[in-house]
Amino acid sequence: MDPFEARLQFSQMMETMSSFSQTILKAINFALKNQDLHEDFHSVVLEILDRLDFNARINVLYFLEALIRYISNSANFKDSRVPYVDNLERDWKLILSKVIGDDLVNLNSCVDVQREVERVLGKQNRDLSKMYDDLTLENLVVKSEESEGFRAAWSFLISKKRQGIRDRLQLIHDPETAHIGDSLSSKPTKEQILKRIENDRERNKRLKETNWVVARPLGKPDIPEFERIWNQYQALDEDDYLQLKELQQVVRESYQVL
Amino acid sequence: MSRSQDTASPITPCSPKKGEMISSIQLSRPFLTRLQIEYAQSKTIDNIVVYKQRRNQVFSFLMKVCNTLKFPMRTLETAMIYYQRFYLHNSFNTSTYHDVATVCLFVATKNEETIKKLRDIIAVVSQVRNMQLNSEQAENYRRRIIGLEIKLMETIAFDFRIGHVEEYLVKFSKTLSIPKEITYTAWLFSYDTYQLDIALKAPASSIAVALLELACKLEKFHVNINYRELFVNMEAVNETKVDLLDFYISNYNYSFFASIRPELHDTFMDLKIALGNVKQLVEREKRYIEEDAYFDERSYTTGERRFMLGNQRKRLYNEM
């Protein structure tokens, strides 16, 4: 495929990105199939984020998260040069700032993605993550100024949270001069809100799956699966005995042989 | 003491007059004896050999689907139980048993809270079965499965209480200080018990005790399990042991356990001999089973149908 056409297709995929796993997987496959063009696609992402509404922007970010996870779990990239990931890390703060925009709607989701991406890459910044959590209505003194990769992104997220809290305080104490009204033009429509609910539900459902998925590389049950079950249950407790007693009753009644 | 047979179901309180609605009550009886199962199957299955062959096939098909969708074993096992219960009361037909297996898996995913959309399950099912479905065919297939879903749920009388052997294996082991390695062996046995019809006869707790005792014997670890304390039924424990050992003695190569420990081929005969003649589930005379209305053909058209869990029978008597 010639680069121009690939770029066009990729940009269309980003525009129509949804929360469904099929769409995300399709885009990941396309991105990896054309990984020679990863620099191009990176710039497509940066450009397109300026044009999308807040729902579409967060969908793109979740796609990037899935892409990074896919690449770092894949055995194909263990030794060789890894596409996408380095560029994304370098521009991560820029990407988040575009995804969040002025209205802060996507702030919480961005923090989730940030934590997940750091975990996947084994580059957690627990100090900054905690600093973010420490920032509250009562505690605004937290500050951070970092300039590299994910740490810079954290500094940015912290500053955004501060901004949000400040706006809220001003709205509470001095609603007249609060500049919240300025961004009223960007107030989400009902349609956008419903779409967001739908997307979040879909993502939440997928997240729940991680509680139970069991990979069986051998195609049959194996020791790791047993380990998990072993750790899942404890010795019998009072409720268990009650349940066992009830079960015994059910069994007796069920045979009806007496 | 024998209990009068009108307690079994379905019950038609009085013979219906023309145009009158018939109502019936369907009890759930999740565990049956060997003779009861054989009697029920004799009414629904023409050729038991074919049924058993297809059962193995369909279980390995379900295993493939579960591997692809990454379901835990408990979802697969629940589906395997539903599949066998379905054919106690519905006639077995070689052209639709894959659909029945699919719906069993679908209901099992809900029961085990490993939710997947039916569309996703069907996508994998058609892939495993090499069926090329376009979107319209897939949609029709989905509808067919949903139609079967209600039939399955009526068959099991909406009884979603399914115990898991794995749960009791771990809980009992931790209570009785049985080493983890032995529990692992017992856990490997458990998959084979689901391939047989043991789960139709014995509850999960009894199966777990039987498997732990067998695993301890195999690994020469001494354990003394007090059945009464664990509220397990000795006959059901013995039934499990005998069935599983018989299966290993005659068909070891087809078992799942053999794929992990092929070298133990000859040990199970010794375990069986050591077990000796034990008391298995009490069977009633055949005529009682034949009189039991529970095994009558199920009607899916009766006007009003009520479903009850077996241990709610007292309430039922009071109402009558």
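Select chains A and B together: between them they bury about 4,600 Å², with 60% of that area on carbon and sulfur atoms. The model is a predicted one. Next, pick out K174(B), K180(B) and F231(B), which supply 15% of the area that chain B buries against chain A, more than any other three residues.

Widen the selection to the contacts. On one side are 61 residues of chain B, and on the other 40 residues of chain A.

Now show the polar links across this interface. Four salt bridges are counted between chain B and chain A. To view a salt bridge, zoom in on the side chains of K116(B) and E209(A), which meet at 3.2 Å, N to O. Residue pairs in polar contact between the two chains, both residues at pLDDT 80 or more, number 16.

Colour chain B by helix. The side that touches chain A takes at least two residues from each of α2 (48-69), α7 (165-176), α8 (180-195) and α12 (256-260). Among the elements of chain B, α7(B) gives the most to this side, with nine residues. Sorted by class, this side of chain B has 29 nonpolar, 14 polar and 18 charged residues.

Leave the interface and turn to enclosed space. A search of the whole structure finds four cavities of 30 Å³ or more. Go to the second largest, with a volume of about 90 Å³. To centre the view there, select R29(B), R85(B), T155(B), I156(B) and Y294(B), the nearest to its centre of 13 lining residues. Both β1 (23-28) and α3 (73-89) of chain B supply at least two lining residues, and α3(B) has the largest share, three residues. The lining comprises seven nonpolar, three polar and three charged residues.

How values were computed. Residues are numbered from 1 along each chain as its sequence is written. Chains are lettered from A and ligands numbered from 1 in the order in which they are written. This is a predicted model: local features need pLDDT of at least 70, side-chain atom pairs count only at pLDDT 80 or more; totals for chains, interfaces and linings use all residues. Side-chain values use heavy atoms; hydrogens and water are left out. On a 1 Å grid over the protein atoms alone, a cavity is a set of points where a 1.4 Å probe fits but cannot get out, and a pocket is an open set with protein on both sides within 12 Å along at least five of seven lines; lining residues have an atom within 4 Å of a point. Grid points are joined across faces, edges and corners, and a volume is the space filled by probe spheres set on the points. Helices (H or I, at least four residues) and strands (E, at least two) are DSSP runs, numbered from the N terminus. Ala, Val, Leu, Ile, Met, Phe, Trp, Tyr, Cys and Pro count as nonpolar, Asp, Glu, Lys and Arg as charged, and the others, Gly among them, as polar. Contact means heavy atoms within 4.5 Å. Buried area is the accessible area (1.4 Å probe) that two parts lose on being put together, summed over both. A polar contact is a pair of N or O atoms within 3.5 Å; within protein, one must be able to donate a hydrogen and the other to accept it, and residues adjacent in sequence count only if both atoms are side-chain atoms.
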